[in-house]
Amino acid sequence: MTPTSQIKSVAQTSTSASLDWEGASDTDPAVPQRVLVVDDSRMQRRLLATNLKKWGYEVIEASSGAEGLELCRKENVSLILSDWMMPEMTGPEFCRAFRKLGRDNYGYFILLTSKGSSEEVAEGLNSGADDFLTKPIGSGELRARLRAGERVLQMQAALVEKNEAVNTALQRIETLYDALNHDLSEARHLQQSLVRETDITIPEGRVGLNLTPSGHVGGDLVGKFRVNAHQIGLFSLDVSGHGVTSALMTARLAGYLSGLTPSQNMALRRLKTGEFTARDPAETVSALNELLLRELETEHYFTIAMSIVDLRSGMMRTVQAGHPHPILQRQGHPPIQLGEGGMPVGLIQDAPFTSFETQLFPGDRLVLYSDGITEAEDPNGQMLEEEGLAAYLDSTRALESPELLEDLLSTLRTYTRSDEFDDDVSALVFDYEGPVT
């Protein structure tokens, strides 16, 4: 790094103050340890060395550029005074060779010359010199130029120290990032385990599930739980935001809708006989809304579509709370959007939630999904939207639920032209085959 123009400006300013410095103390602090004087004239070297030692510098001498270059390889030299005109190797040639040494610390190089034209000055600076002095050299001007060089070296040393501190901090950050990245990868596996099975076959039909977070972890969840021998619950939910806090909220909600612990499932109610029955879905969502506002104390909210299906009669009762419309596919008919929207959960106290009924017939398909699918954008910013999803589902009606979900992800990647999604993607597909006879 050779801040030539800045150094020249500093040196010119310093020259005007050289008379004041001439009377300064010989024990001024922060002087470099060594100054290398390179000149083929022994007398000139002695004159320079006398003044430098008087000012507190440690001086080493060289009679040629080659000798000076060898000393620079061995010694810690921070300031160099070199004559321009020398046999075999000129001052500019010496300077160019010095710059190629690849030293860790910067060396401030001053050329001493009787030349004074602008072309010659440019040649010296282009060779890598930081400054120049015209002979005969006044001691005041020499000392001022050395002080200017010291300031540059001090700034360079401070910069190196700060760079080392930054590099140390970056290394620590990288270590922390690696640890965090490992933890997030583990968290992703744990979140994926919330959907323990992705292809569930029951006597009355088949359920396919997919959960694909946009990052390490996300806020989507799809699930199925058994109510009793003839009822199942199906749900798709989406917690606001992304990342760790959304994922933690999702995990908490998964516990409230788990089929593994029916006694803690808020969608179920225990009868006096000890058996469980389903609460009305709207009642369940109202209870979750109250819980979220009263106990969880979070800024997050979530949307959900939940259905309780009676597998004997095919009657399905559903609540839609701010979530995308459930889609009903009936053989021989275009997809139908169910529900009227509703409010998200966790925003307003005593928010109204309403359930509605839908009759399922053998061969019907129910699709619950998150808005990460309908809001997926192509490179031009065009969203897939609900119409695009409906058209896709209509064209893939013959696919079984697991194959459909796999093909849907592939189609979304093709549509967005990216392997990573901007939002979490999740979907549940239930194919109802009718009651067991």
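Which side chains meet in a salt bridge of 2.8 Å, N to O? In this predicted model, the partners are Asp-83 and Lys-135. Asp-83 belongs to strand 3, whereas Lys-135 sits in the loop between strand 5 (131-134) and helix 7 (139-192). The two residues are 52 apart, and the pair thus links distant parts of the chain. The partners also differ in their surroundings: Asp-83 is buried because its relative accessibility is 5%, under the limit of 20%. Lys-135 has a relative accessible area of 28% and is therefore partly exposed.

The search of the whole structure gave 21 salt bridges. Side chains of opposite charge can pair when their charged atoms come close. One of the salt bridges joins Glu-150 and Arg-147, at 3.8 Å from N to O. Both residues lie in helix 7, and because they are 3 residues apart, about one helical turn separates them. An α-helix has 3.6 residues a turn, so residues three or four places apart point the same way. Glu-150 is buried, with a relative accessible area of 5%. Arg-147 is buried as well, with a value of 15%.

A further salt bridge is formed by the side chains of Asp-310 and Arg-312, with an N to O distance of 3.8 Å. Asp-310 counts as buried at 15% relative accessibility, while Arg-312 is exposed at 54%. Salt bridges can also share partners, and in this way Arg-34, Glu-58 and Glu-75 are joined into one network.

Aromatic rings were examined next. The count came to 4 aromatic pairs. In one of these, the ring centres of Phe-98 and Phe-109 are 6.0 Å apart and the planes meet at 45°, so the pair is classed as tilted. Phe-98 is part of helix 5 (residues 91-99) and Phe-109 is part of strand 4 (residues 108-113); the pair therefore ties together parts that are 11 residues apart in sequence. Phe-98 has a relative accessibility of 2% and so counts as buried. Phe-109 is likewise buried, at 0%.

The pair formed by Phe-225 and Phe-235 is also tilted, with 6.3 Å from centre to centre and 35° between the planes. Phe-225 lies in strand 8 (residues 220-228) and Phe-235 in strand 9 (residues 231-239), so this pair ties together parts that are 10 residues apart in sequence. Phe-225 is buried, with 1% relative accessibility, and Phe-235 is buried, with 3%.

Ring pairs also link Phe-94, Phe-98 and Phe-109 into a cluster. Two of these residues, Phe-94 and Phe-98, are among the buried residues of helix 5, which also include Gly-91, Pro-92 and Cys-95. The buried residues cover an arc of only 160° around the axis, and therefore lie on the same side of helix 5. They pack against strand 1 (34-38), helix 4 (65-74), strand 3 (79-83) and strand 4. Strand 4 holds Phe-109, the ring partner of Phe-98. Strand 3 holds Asp-83, the salt-bridge partner of Lys-135.

Terms used:
Residues are numbered from 1 along each chain as its sequence is written. This is a predicted model: local features need pLDDT of at least 70, side-chain atom pairs count only at pLDDT 80 or more; totals for chains, interfaces and linings use all residues. Side-chain values use heavy atoms; hydrogens and water are left out. Rings of Phe, Tyr and Trp (its six-membered ring) pair if their centres lie within 6.5 Å; planes under 30 degrees apart count as stacked, over 60 as edge-to-face and the rest as tilted. Helices (H or I, at least four residues) and strands (E, at least two) are DSSP runs, numbered from the N terminus. Buried means under 20% relative accessible area, exposed over 50%, partly exposed in between (1.4 Å probe, protein chains only). The arc is that of the directions from the helix axis to the C-beta atoms. Contact means heavy atoms within 4.5 Å. A salt bridge is a side-chain nitrogen of Lys or Arg within 4 Å of a carboxyl oxygen of Asp or Glu.
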